[in-house]
Amino acid sequence: MEVSRVRALRGPNLWSHHTSVEAIVACTPEEESIANLPGFETRLRSRFPQLGQLQPSGHEEDALDPVPMAEVLEIVALALQAAAGCPVTFSRTTATLETGIYQVVVEYSEEDVGRLALELAQGLIEAARADAPFDLEAALTQLRDLDEDVRLGPSTGSIVQAAIERNIPFRRLTEGSLVMFGWGSKQRRIQAAEIDATGAIAETIAQDKELTKKLLDAAGVPVPLGRTVLDPDDAWAAAQEIGLPVVVKPKDGNQGKGVTVNITTKEQITAAFHSASEFRDDILVERYLPGHDYRLLVIGDKLVAAARRDPPNVVGDGVHTVRQLVDQVNLDPRRGNGHSTSLTKIRFDDIALGSLAKQGMNAESVPSKGQRVILRNNANLSTGGSATDVTDDVHPEVAARAIAAAHMVGLDICGVDLVCDSVLKPIEEQNGGIVEVNAAPGLRMHLSPSFGKGRDVGEAIIETMFKDGDDGRIPVVAVTGTNGKTTTVRLIAHLMSASGLRTGMTNTDGVYIEGRRIDSGDCSGPRSARNVLLHPDVDAAVFETARGGLLREGLAFDRCEVAVVTNIGAGDHLGLNYITTLEDLAVLKRVIVQNVKVGGMAVLNAADPVVAEMAEHTRGDVTFFAQDGSHPLMAMHRAQGRRVVFVEDGFLVCAQGKLETKIDLKEVPITRGGVIGFQVENVMASVAAAWAVGIDWDKIRLGLKTFVGESDNAPGRFNVFDYRGATLIADYGHNPDAIAALVSAVENMPAKRRSVVISGAGDRRDQDITQQTEILGKAFDDVLLYQDQCQRGRPDGEVVALLRRGLDGATRTSHVEEINGEFVAIDRALARLSEGDLCLILIDQVDEALAHIAKRVAEST
């Protein structure tokens with residue numbers, strides 16, 4: 001078994017809505033069924049006892065399909081992730097038309113984990129085949145450790161989960177905890193538990209504990225006295241000024257690092273100073289406040305959670321040493337080494353040993369039964385402390401002081417550290433105080449406290465960023481099909497811009513933001529679409545969604561508001577990437593239709609049966625379009641009170657039930673008064689999409705009128721030039737359906753003599769290349785053949801030879817030339833033109849060819 005071409009499908013894809021890894025797997029003849037491998041399944045199960053059924057149960061054995069090794073790989077890869085604790089359920093194996101070649105798809109929750117699971121599954125299968133050992137526990141540990149390293153921590157994860165429940169899209173911007181919620185101009189960002197609205201100044205203030213205390217004191221919030229010190233002697237002097245006991249800590253520390261509390265001697269001061277100096281240069285001494293350590297979480301103008309934090313400790317049993325008791329406590333599955341678990345393991349370090357020494361003990365001491373032994377003076381969860389939820393106990397005055405502290409510093413999300421005997425009564429009545437205010441506070445003590453009720457603080461943070469009813473989404477229109485995609489995308493984007501929306505667009509020409517191209521080349525894939533959704537100046541987005549990007553990576557979005565399918569033709573790269581039939585292609589293209597949001601719209605070509613059938617696969621509503629309004633499907637759809645777009649008496653008609661809106665095609669320049677049939681279809685699809693988004697009809701009319709279809713608006717899409725009285729048409733059509741549509745269009749345009757300049761894309765099937773010139777040979781007098789700049793895997797001359805073969809039975813063509821080079825071919829065609837002639841130039845290098853034609857046109861005037 002050989003595994004190759006492993007891809008990560010990072011969005012909805014051909015197989016499912018789940019993120020998945022896809023691999024091409026080649027099996028030998030004997031691996032086509034594991035029944036051919038005696039003892040294999042038994043050996044496999046002995047190495048992986050948790051493995052589920054390889055075949056459905058309840059069937060007669062001879063009625064079951066054979067299980068190829070590729071399917072075993074799929075099942076094992078999914079089961080390994082599940083056994084490691086990953087929430088995955090989907091997998092699939094599909095045989096291709098090539099014997100022994102399979103496509104294996106396995107869901108992942110974290111891409112790196114999914115890829116590793118596939119590798120480990122292959123190793124496990126090889127071990128079972130060779131009857132060699134396989135360390136299952138080591139494999140599962142490897143998966144768990146990687147999952148813990150790459151997945152979001154509990155704080156950020158809780159915010160993301162709250163967003164998912166609100167149907168707000170999210171995207172991780174780094175491998176860390178920087179996350180974007182929403183799209184375009186509606187996006188918001190967080191870094192751990194800090195939101196984008198929090199200013200750098202507020203964060204700087206929170207890090208400066210001395211400045212924080214001054215501001216809180218000015219706001220009437222109780223704080224302990226203290227000052228910055230220079231060395232151990234200065235620290236001891238400060239302690240005497242303030243009054244013992246005191247606390248020593250870094251001036252801008254976090255997570256309790258370097259903090260020593262309840263200091264009463266000069267020796268302790270010196271040790272505490274050196275401990276704090278390991279983390280920061282500036283050291284703070286402040287009055288020690290007796291009482292419990294509380295963390296109050298303020299979000300916006302509300303106190304949403306509160307927890308009492310207790311320092312790491314063990315309780316003696318009269319038998320075990322302190323070290324043994326710590327080991328027992330650390331066996332709690334809730335305790336881990338990082339922040340991914342609700343509790344952190346207690347560390348046995350110098351600080352713990354120092355704390356024991358204060359109590360007259362060491363690591364090997366055996367505490368008496370019931371004796372509580374403190375292993376650290378601070379109660380941070382990150383150093384092994386525990387938390388008890390007290391949210392419901394907080395006195396209103398305590399909550400008010402916490403909120404005032406957060407507002408004084410300027411933090412939107414704030415962890416307020418309070419020391420007092422109880423939160424049941426005001427701070428001032430018990431000589432307590434707020435000792436710290438923290439930006440980006442940890443949330444896990446509130447999400448999963450050691451004791452008490454967990455609080456949904458992630459939801460509170462999302463509510464602060466997104467008001468009720470706001471899902472952070474901008475209108476997204478996805479367009480696919482065989483022909484007309486790029487023009488339709490450009491026209492929809494133009495209509496949106498005409499309505500005042502700042503529009504982002506991707507297509508085979510590049511990435512555009514508000515009409516400005518920010519990237520060039522074929523940008524019809526998900527990477528470019530994600531870049532548009534990332535842009536803060538985009539109010540709406542229109543994406544050309546080509547088959548290649550869908551196959552490589554899936555969609556860039558989870559849901560779209562509108563999906564447009566123009567048509568499905570056989571010339572659209574059939575035979576590549578195991579898409580071999582029109583039905584295969586339709587299943588792939590309808591992915592955007594399947595992922596229309598509830599309440600969204602699928603815009604489908606009713607005249608194309610393959611496209612029309614997609615109406616059965618959408619969560620949204622459907623608008624059908626076709627030139628013939630009496631088409632049975634159109635008539636039935638309209639009778640049901642649903643939307644249709646068609647042409648009648650020179651008008652574009654947009655109807656829903658008995659309501660009609662008409663647009664005169666004479667006011668739509670790219671259709672040339674309705675003469676160019678394929679442009680009329682592009683306009684119908686575009687208007688239906690704009691209607692679905694809710695654009696005003698006056699704005700739609702204005703947009704149609706100002707979209708002239710020349711090279712600045714739709715380069716390479718039926719761009720018309722006048723050259724010395726002859727008509728030039730430049731187009732990027734490159735498959736039989738496009739050629740047929742172009743022929744139909746130019747036949748409606750008068751001409752004395754018709755010529756065409758053509759090359760062919762090497763990644764098409766032979767019959768698709770020859771069929772293009774078969775069509776042209778019936779409509780053009782002169783045919784000039786040239787070779788593309790890139791032959792896409794074919795040897796020189798092969799494509800031109802196929803094109804010439806298509807002209808063998810030409811009924812009209814009387815002159816054929818083969819020319820080396822696109823621009824040379826264009827110049828040769830122009831040189832042969834006379835006034836009143838028409839020349840169709842099928843360009844390859846769109847921008848360069850259009851510039852060349854424009855130069856020649858300018859020179860002719």
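Tutor: Buried means under 20% relative accessible area, exposed means over 50%, and partly exposed lies in between (1.4 Å probe, protein chains only). The model is predicted: local features need pLDDT of at least 70, side-chain atom pairs count only at pLDDT 80 or more, and totals for chains, interfaces and linings use all residues. Residues are numbered from 1 along each chain as its sequence is written, and side-chain values use heavy atoms, with hydrogens and water left out.

Student: What percentage of the residues of the chain count as buried?

Tutor: Start with the frame. The C-alpha atoms fill a box of roughly 110 × 75 × 55 Å along the principal axes. The chain has 861 residues, and the share that counts as buried is 54%.

Student: How many helices and strands does the chain have?

Tutor: Both are DSSP runs numbered from the N terminus: helices are H or I with at least four residues, strands are E with at least two. The chain has 28 helices, and its strands number 38.

Student: How many aromatic pairs does the count come to?

Tutor: Rings of Phe, Tyr and Trp (its six-membered ring) pair if their centres lie within 6.5 Å; planes under 30 degrees apart are stacked, over 60 edge-to-face, and the rest tilted. By this rule, the number of aromatic pairs is three.

Student: What kind of pair do the rings of Phe-678 and Phe-718 make?

Tutor: Their centres are 5.3 Å apart. Their planes stand at 75°, so the pair is edge-to-face.

Student: How many residues apart are Phe-678 and Phe-718?

Tutor: The pair links distant parts of the chain. Both residues are buried. Phe-678 sits in helix α22 (residues 677-693) and Phe-718 in the loop between α23 (697-706) and β33, a separation of 40 residues.

Student: And what kind of pair do the rings of Trp-691 and Trp-697 make?

Tutor: Trp-691 and Trp-697 are both buried. Their ring centres are 5.5 Å apart. The planes meet at 55°, so this pair is tilted.

Student: How many salt bridges does a search of the whole structure find?

Tutor: The test is a side-chain nitrogen of Lys or Arg within 4 Å of a carboxyl oxygen of Asp or Glu. Arg-10, Glu-111, Arg-115, Arg-530 and Glu-553 are linked in a network of such bridges. Across the whole structure, the search finds 55.

Student: Is Arg-151, which meets Asp-147 in a salt bridge, buried or exposed or partly exposed?

Tutor: The N to O distance of this bridge is 2.7 Å. Asp-147 is buried, at 8% relative accessible area. Arg-151 has 32% relative accessibility, so it counts as partly exposed.

Student: How many residues apart in sequence are Glu-436 and Lys-249?

Tutor: Their side chains meet in a salt bridge of 3.2 Å, N to O. Glu-436 lies in strand β21 (residues 433-439) and Lys-249 in strand β10, so the bridge ties together parts whose separation in sequence is 187 residues.

Student: Are Glu-436 and Lys-249 buried or exposed?

Tutor: They form a salt bridge with each other. Even so, the word that fits both residues is buried.

Student: Which residue forms a salt bridge with Asp-766?

Tutor: Asp-766 lies in helix α25 (residues 766-776), and its partner in the loop between β36 (782-786) and α26 (798-806), 28 residues apart. At 34% relative accessibility, Asp-766 counts as partly exposed, while the partner, at 16%, counts as buried. The closest N and O atoms are 2.8 Å apart, and the partner is Arg-794.

Student: Which peptide bond is cis?

Tutor: Most peptide bonds are trans. Here is one with omega near -5°. Pro-245 is found in the loop between α8 (232-242) and β10 (246-250). The cis bond runs from Leu-244 to Pro-245.

Student: What is phi of Asp-131?

Tutor: Most residues other than glycine have a negative phi. Asp-131 lies in the loop between α3 (111-130) and α4 (136-150), and it is exposed, at 53% relative accessible area. Its phi is positive, near 55°.

Student: And what is phi of Arg-724?

Tutor: Arg-724 is in the loop between β33 (719-723) and β34 (726-731). At 57% relative accessibility, Arg-724 counts as exposed. Its phi is also a positive value, near 50°.

Student: In which helix lies Glu-165?

Tutor: Glu-165 is exposed, with a relative accessible area of 58%. It gathers with Asp-456, Glu-459, Glu-463 and Asp-468 in a surface patch of negative charge; such a patch joins like charges within 9 Å, using residues with over 30% relative accessible area and no salt bridge. The helix spans residues 154-165 and is α5.

Key. Patches are made of residues with over 30% relative accessible area and no salt bridge: like charges are joined within 9 Å, nonpolar side chains (Val, Leu, Ile, Met, Phe, Trp, Tyr) within 5 Å. Accessible areas come from the Shrake-Rupley method with a 1.4 Å probe; for residues, only the protein chains shown count as cover. Lys and Arg count as positive and Asp and Glu as negative; His and the chain ends are not counted. The place of a charge is taken as NZ of Lys, CZ of Arg, CG of Asp or CD of Glu.
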